[in-house]
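This briefing covers one helix, the strands around it, the nonpolar core and the relation between the two chains. The sequence and the structure come first.

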Protein chains: 2
Amino acid sequence: MPFAPQRITATCRIESPAAEIEARARALATEQSVEMPLEAIRHDEVMSRIVASVEGIRDLGGGAFEVKLGIAPETTGAEASQLMNMLFGNCSLQPEVSLLDVEFPAGFEKAFPGPRFGIAGLRTLTGAARRPITCTALKPQGAPLEHLAALARTFALAGIDVIKDDHGIANQVYAPFERRVPAVQRAIAEANRETGGRTFYAPTFSGGPRALAEQTRIAKECGVRMALVAPMLIGLPAFVELQVDLDIPVMAHPAFAGAGRIAPPLLLGKLFRLLGADATIFPNHGGRLSYSRATCHAIAAAARDPWLTLRPTLPVPAGGMTIDRVQEMLEGYGPHTMLLIGGGLLSAKEKLLDRAKEFVAAVH
Amino acid sequence: MPFAPQRITATCRIESPAAEIEARARALATEQSVEMPLEAIRHDEVMSRIVASVEGIRDLGGGAFEVKLGIAPETTGAEASQLMNMLFGNCSLQPEVSLLDVEFPAGFEKAFPGPRFGIAGLRTLTGAARRPITCTALKPQGAPLEHLAALARTFALAGIDVIKDDHGIANQVYAPFERRVPAVQRAIAEANRETGGRTFYAPTFSGGPRALAEQTRIAKECGVRMALVAPMLIGLPAFVELQVDLDIPVMAHPAFAGAGRIAPPLLLGKLFRLLGADATIFPNHGGRLSYSRATCHAIAAAARDPWLTLRPTLPVPAGGMTIDRVQEMLEGYGPHTMLLIGGGLLSAKEKLLDRAKEFVAAVH
């Protein structure tokens, strides 16, 4: 079958005996589109257009095949939840299937917000014209509000560009959003006034639609200019709406996102970018988590390489990083990167200000 | 450490060398709670309460261990997105970790809606006092609206209790929610008047918060009394809010939910129940998808066995089922079950009414 340019191409990996792969690929195409016996379909247009097509099968060796499915863009309803349903809905229940990559026809991306600021917007905001952007995290959850605000002040005095909440600091009773965010924002603003710097706070937005709307209101009221969101925790369609409502740069956090058999460069790179992430955090190789160097660089490429009409998303390698690794990370990822060191600064305890300054100096 | 009854217990499976499992379990407890070096924590309360504890380690053989973590309930913010973050946030990025089960302290569930109707509510609605409830699906997406309405009429004439949208029928241009739902609802109401029956329509709710609010308005306006929702596609916290707003029984669909290393009985059974599913659809063994008989029965048990103060959720085994299997499914799952046959009816083509009546007769 010739490749139809107006279709979405989903590249899957299927484990299957070679003798069965053609039937297995066709079954997947049916499962992911009409989910019914094809012989019972009564409309030619459904058969020719809506049923997903098998566009190619390639033997990957070791009992696995790469299968390209052609999916009609209109089946996605141009909306995040149904897009994910078409790409990886029922087959998420089939352990022999994983989703490797997706190509969209030109223009398809326009139904989605994409990064509203992207790398250039983050550079304008922070004033970091060419160098990597520095980032750290307020931790731990459970600490008194005053402690978090004091930490934020210290980091801002050191000149770190972005101070995000730990992603576990959400809306708990010990530091609820409505008290924490104004207090931390105020502490940073004061430090900025003292130093003439421009440090930004990115608090965690979490919960259901009503909670997110309330957090948006509070954040706007106290002048918050960046946000931290875990798209898979609040849900992809809620993520789309939230960042449009916020209208400030959004950093995507990968919590709950690694659960899938969806290739990390696709989910954390391409799809989070399509849905509007201005920066995307991922576990750097050699840290506490498990991605390989190749996976990390593929995520960075998916986030910031030219793609359709979408602005580039800033890659944020993180997870157990230390100042020792700054040089190596800069060489590996280049300047269009945000370097996030959290616990690695906090472990300096009473020497926190010095350690934070050292981080800033190493990057500048 | 003695087991603290006021903590949430998360049971994980970790693959690790035996010599490292204690350190690995402690690292997981830190990662999932404070995510920073413990020696840099300055508050006793954080150390004693907020840092997750390792409550037990058991060798499962084959290089895997069962690890029980104790998690402070207040870290979840009594809210779905942060609950999932505490249970499986960062460790979703660690392929050697999977989540097997969760126990909540008594009363914790009261922060969540739970099933508002449950099995008893579904029985009252459908009038099926003791027998299993029958269900089928409108398919395929892409078919004209009139075709879907005619299918719905036929199924209603046959006396099937619940007609759900195929989960791929969302809000696409060829049958948008605002036109489809009133039309199908009307077709079913007419058939009900002719037969004196009480068939219900469960349309698919999908998209972001604004789309869901609009769909809720339309559904209420035309008298829809049941809903189909894929919680993992719209996001768990949006699912919680949606079904509270809808205030009608909600069937949960497992699309995009099998992607995780979260045990299916926990996610599709317990967690969907906690968050409000009145019925939970899962791929039955021996169908098109891959769960074992044991997994399926564990899902059914998690959905409907007594648990805290939560109403039972109706199990809905599905996915390639046929009338031939009705007897076996009834014997296996018992009467508190919804039997869902979709494509297996549609394949009867012009004999659809007869096949649907046969399904109803086999169950009654």
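**Helix H6 of chain A and its surroundings**

In this predicted model, the buried residues of H6(A) are A:Phe177, A:Arg180, A:Val181, A:Ala183, A:Val184, A:Gln185, A:Ala187, A:Ile188, A:Ala191 and A:Asn192. They pack against E5, H5, E6, E7, strand E8 (204-205) and helix H7 (209-221) of chain A.

Helix geometry
- The 19 residues of H6(A), at 1.5 Å a residue, should span 27 Å, and the end C-alpha atoms are 27 Å apart, so the two values agree.
- After H6(A) comes A:Gly196, which has a positive phi near 75°.

Strand E6 and its partners
- In a regular strand, side chains alternate between the two faces of the sheet.
- Strand E6 (residues 162-165) of chain A has A:Val162 and A:Lys164 pointing one way and A:Ile163 and A:Asp165 pointing the other way.
- All of these residues of E6(A) are buried.
- Strand E5 (residues 133-138) of chain A runs parallel to E6(A) and is joined to it by four bridges.
- Across this pairing, A:Val162 in E6(A) stands opposite A:Cys135.
- Strand E7 (residues 200-202) of chain A also pairs with E6(A) in the parallel sense, over three bridges.
- A:Val162 has A:Phe200 as its bridge partner in E7(A).

Crossovers
- A right-handed β-α-β unit is made by E5(A), helix H5 (residues 145-158) of chain A and E6(A).
- A right-handed β-α-β unit is also made by E6(A), helix H6 (residues 177-195) of chain A and E7(A).

Nonpolar core
- The largest nonpolar core contains 222 residues.
- A:Leu87, A:Phe155, B:Leu87 and B:Phe155 have the most contacts inside this core.
- H5(A) gives the most to this core, with seven residues.
- Beyond its neighbours within four places in sequence, A:Phe155 is in contact with A:Thr136, A:Ala137, A:Leu138, A:Ile160, A:Ile163, A:Leu345, A:Leu346, A:Leu352 and A:Ala356.

Relation between the chains
- A turn of 180° with a shift of 0.0 Å along the axis lays chain B on chain A, with an RMSD of 0.0 Å.
- The two copies are therefore related as by a two-fold rotation axis.
- B:Gly235 has the C-alpha nearest the axis in chain B, 1.8 Å from it.
- Both copies use the same surface, since 100% of the contact residues of chain B recur in chain A.

Note on methods:
Residues numbered from 1 in each chain as written. Chains lettered and ligands numbered in written order. Predicted model: local features only at pLDDT ≥ 70, side-chain atom pairs only at ≥ 80, totals over all residues. Heavy atoms only, no water. Buried < 20%, exposed > 50% of the residue type's maximum accessible area, 1.4 Å probe, protein only. Helix = DSSP H or I, 4+ residues; strand = E, 2+ residues; numbered from the N terminus. Pairing = 2+ DSSP bridges. Right-handed = clockwise from strand over helix to strand, strands pointing away. Expected span 1.5 Å × (residues − 1). Contact = heavy atoms within 4.5 Å. Least-squares fit on C-alpha atoms with pLDDT ≥ 70 in both. Core = buried A, V, L, I, M, F, W, Y, C linked by side-chain atoms within 4.5 Å.
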